[in-house]
Number of protein chains: 2
Amino acid sequence: MQPLTLINGSATRTLASSDRGFNFGQGVSTRIKVVAGKAQLWRFHMQALQQGCAALGFPINAVDKLVKRDLGILPKADLSLRVTLTAGVGSNSAATPVEYQPTRVLQIEPYNFVEPPVEGVDLWLCETPLSIHPRLAGIKHLNRLEQVLARSEWRDPHIREGVMFDTQGYVIGATASNIFWVQSGQVYTPDLSQAGVAGVMRAALLERAGQLGIEVHSVRARLADLEAADELFVTNAFDGVMAVKACAQKQYAVGSGTLTQKLRTELAQVLYD
Amino acid sequence: MQPLTLINGSATRTLASSDRGFNFGQGVSTRIKVVAGKAQLWRFHMQALQQGCAALGFPINAVDKLVKRDLGILPKADLSLRVTLTAGVGSNSAATPVEYQPTRVLQIEPYNFVEPPVEGVDLWLCETPLSIHPRLAGIKHLNRLEQVLARSEWRDPHIREGVMFDTQGYVIGATASNIFWVQSGQVYTPDLSQAGVAGVMRAALLERAGQLGIEVHSVRARLADLEAADELFVTNAFDGVMAVKACAQKQYAVGSGTLTQKLRTELAQVLYD
């Protein structure tokens, strides 16, 4: 199929230049993996959008129904579906208008999925920090300059992702993924109450781990904590649970017998729940 | 005249939905006051755009010539001219493409200028903080959610602006203005090396004050410092130097004999230099 963009349900590739998503970044987005026409982690994606809009001052009712109505039936293809919701066309003033008509943008593109290598990937350590802002922390809003600058720090195609720290030096995540590590059989992930994005695969992992009786400790950690870990992995909606083999001279355990692999297998079973 | 939008020199009101300005906020903007067809603080606006693009990873040569060529001759009207430059249409990946074609958006609207009241205005104290990010500090980029949330804290039309603090409690500026205060004949303004936007009127004021031999101290200050001040004023490209009469129960000196008024008069003389 050809790439397709739907704006408020209509096939068009253009957006009003006065959209508040453009002028201020007042919007949220999520990118959904669609395999053979079936969307993965739908419930988590819709929940993230719903909560994000409300937090940014433009609550929308029943986001899932709106997006489903736009979509109709997805072709039985492998697709990337990016859904963006903004506060709509509005004044040039920063104040959110009392009356607003949100804009829905669906970008649907064919996607050739490549499984992450079983031997694990390499990570970069980003210098660009993530800023601390408790009110915006966790939301996948459109103010993504920090990730853009961080992702531009390396061009080596062998490096898959980059670890990001907040301005106080705490590990928060990666440029487009969340991060987890295993030490002495315990699973850890950064506390996201101050900075960062709480991705949908992270949410799914936390839920699944809870069902399996595996506690995931949400902690404030520094680089030294990653260096002390036995396993390291990153998660996102497209790569699932992706094992890390090396980061900053440190090698990590990968493959059979690791908790990373166990969680990867477990997650793969709940992608359509 | 009717509102007019030019995108890359063409009259159109729509933008590609895959523009990096929309997807990531990878762009800068500035809003220029045009009086009877003459743009104010042109040199400062163009310098801000030029520096901003470079800092965000998409340097553009001779921004001033590009924008001037788009404009042709401005009608002899009072206008608001918003210029936005983005990294252009690009991939969904956060990494800035090596090859990019920046997008220029000019939004030209009739504008009915109203002089700020001579008796001064009231300010709100915003709860929404500004995050600390030295690499992005000072730039008027498109990641403006913090200002949007802060501006939504009050609806009282008598309150003209809101003071914003960084996440450590230091005064940084207002939602769409910079802030200055006078104590014992000395002029102060917040240090913007960690957070905030360095506006064009602020830049013009610093230059003019220097020419007049008035030192402006760039400092890390808290609310208590504002409360201890004799005069308080905010600056932006549209209202110039705007005296503040009250903020958080504290009253400030306004009118004749104040340094605020002297600077207001001085600035009015250099708007077209």
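Helices (H or I, at least four residues) and strands (E, at least two) are DSSP runs, numbered from the N terminus. With that in hand, here is a walk through the structure. This is a predicted model, so local features need pLDDT of at least 70, side-chain atom pairs count only at pLDDT 80 or more, and totals for chains, interfaces and linings use all residues. Residues are numbered from 1 along each chain as its sequence is written, while chains are lettered from A and ligands numbered from 1 in the order in which they are written.

**How the two chains sit together**

Turn chain A by 180 degrees, with 0.0 Å of shift along the axis, and it superposes on chain B with an RMSD of 0.0 Å. That is how a two-fold axis relates its copies. The fit is by least squares on the C-alpha atoms of residues with pLDDT of at least 70 in both copies.

Now for the contact itself, where two residues count as touching if their C-beta atoms, placed from the backbone, lie within 7 Å. Chain A brings 42 residues to it and chain B brings 43 residues. On the side of chain A that touches chain B, the elements giving two or more residues are β1 (4-7), β3 (14-16), α1 (20-23), β7 (103-110) and α4 (145-151) of chain A. The largest share there, six residues, comes from α4(A). By type, that side of chain A divides into 17 nonpolar, 19 polar and six charged residues. Here Ala, Val, Leu, Ile, Met, Phe, Trp, Tyr, Cys and Pro count as nonpolar, Asp, Glu, Lys and Arg as charged, and the others, Gly among them, as polar. And 100% of the interface residues of chain A are also interface residues in chain B, so the copies meet through the same surface.

There is also strand pairing across the chains, which requires that DSSP finds at least two bridges between the strands. β3(A) pairs with strand β3 (residues 14-16) of chain B in the antiparallel sense, over three bridges. One of the links joins A:A16 to its bridge partner B:T14 in β3(B).

**Two domains in chain A**

The bounds come from an automatic or database domain assignment, which gives chain A domain 1 (4-110) and domain 2 (121-268). Their C-alpha centres lie 25 Å apart. Domain 1 of chain A puts 17 residues into the contact, and domain 2 of chain A puts in eleven residues. On the domain 1 side, β4 and α2 of chain A each give two or more residues, with β4(A) supplying the largest share, seven residues.

**A helix and its cover**

Helix α5 (residues 200-212) of chain A has 13 residues and its end C-alpha atoms are 18 Å apart, which agrees with the expected 18 Å. That expected span is 1.5 Å times one less than the number of residues. Its buried residues (20 or more other C-beta atoms within 10 Å of their own; exposed is 12 or fewer, partly exposed in between, with C-beta atoms placed from the backbone) are A:V200, A:M201, A:R202, A:A204 and A:L205. Among the elements covering them are β11 (178-183) and α7 (259-268) of chain A.

**Positive phi angles**

| Residue | Phi | Place |
|---|---|---|
| A:A62 | about 50 degrees | loop between α2 (42-55) and α3 (63-71) of chain A |
| B:N8 | about 50 degrees | loop between β1 (4-7) and β2 (10-11) of chain B |
| A:G213 | about 75 degrees | just after α5(A) |

A:A62 is exposed, with 11 other C-beta atoms within 10 Å, whereas B:N8 is partly exposed, with 14.
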